[in-house]
Amino acid sequence: MRPHPVYHALEGALEASVPRLDLEGETLILVDVSGSMYQRMSRKGESTYALAAATLGAVLYRQAGGRLFGFSDDLIPVPFSPGDPLVAMVETPLDLRRVRYLPGEGPGQGPQEF
């Protein structure tokens with residue numbers, strides 16, 4: 001199934017709204033998905049601070065490359081490359097907070113190599 005054309009327009013507008021950063025070296029982007037980030041940004045809206053942070057993190061990752069992680073109590077890698085769909089990069093740190101661990105991992109037993 002192909003994404004709706006409006007999706008591509010919104011994605012392009014979002015990326016254009018973030019100024020390009022001239023970064024040197026390897027970039028590490030950390031998205032806070034701790035419990036306090038799930039408060040709504042306004043009483044009438046549905047958006048949370050976690051959604052805003054994940055969106056900005058995904059756009060920065062797409063621009064700069066490097067590595068993208070979600071974090072709460074643990075650091076959890078987001079398994080995408082910068083060219084992957086933006087929506088997947090935004091949703092993954094939010095989903096990882098709920099899932100928390102990959103199979104065979106647990107608190108304090110996260111991936112050994114980032």
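**Group meeting: a three-stranded sheet and its core**

Hi everyone, let me start with one pair of residues: Gly70 has Ile76 in β3 as its bridge partner. Before I go on, please keep in mind that this is a predicted model.

That pair leads us to the strands. β2, residues 67–71, and β3 pair in the antiparallel sense, and three bridges hold that pairing. As a general reminder, the strands of a sheet pair through backbone hydrogen bonds, either parallel or antiparallel. Here the sheet is open, has three strands in the order β1-β2-β3, and shows mixed pairing. Which strands sit at the edges? They are β1 and β3, the latter covering 75–77, and each of them pairs on one side only. On average, neighbouring strands of this sheet are turned by 35 degrees against each other, direction ignored.

Now, which helix packs on the sheet, and which strands does it touch? It's α2, touching β1 and β2, and its direction makes about 170 degrees with that of β1.

On to the core. The largest nonpolar core has 16 residues, and Leu68, Leu86 and Met89 touch the most other members. Two or more residues come from each of β1 (28–32), α2 (49–64) and α3 (86–99). The largest share is from α2, with five residues. Generally speaking, nonpolar side chains tend to be buried together in soluble globular proteins.

Let me finish with Leu68. Leaving aside neighbours within four places in sequence, Leu68 is in contact with Ile29, Val31, Gly57, Tyr61, Pro77, Val78 and Met89. So have a look at Leu68 in the viewer: Met89, one of those contacts, is also among the residues that touch the most other core members.

Methods. Residues are numbered from 1 along each chain as its sequence is written. This is a predicted model: local features need pLDDT of at least 70, side-chain atom pairs count only at pLDDT 80 or more; totals for chains, interfaces and linings use all residues. Side-chain values use heavy atoms; hydrogens and water are left out. A nonpolar core is a set of buried Ala, Val, Leu, Ile, Met, Phe, Trp, Tyr and Cys residues joined through side-chain atoms within 4.5 Å. Buried means under 20% relative accessible area, exposed over 50%, partly exposed in between (1.4 Å probe, protein chains only). Helices (H or I, at least four residues) and strands (E, at least two) are DSSP runs, numbered from the N terminus. Contact means heavy atoms within 4.5 Å. Two strands pair if DSSP finds at least two bridges between them. Axes are lines fitted to C-alpha atoms, for helices over the stretch in contact, and angles run from 0 to 180 degrees between N-to-C directions.
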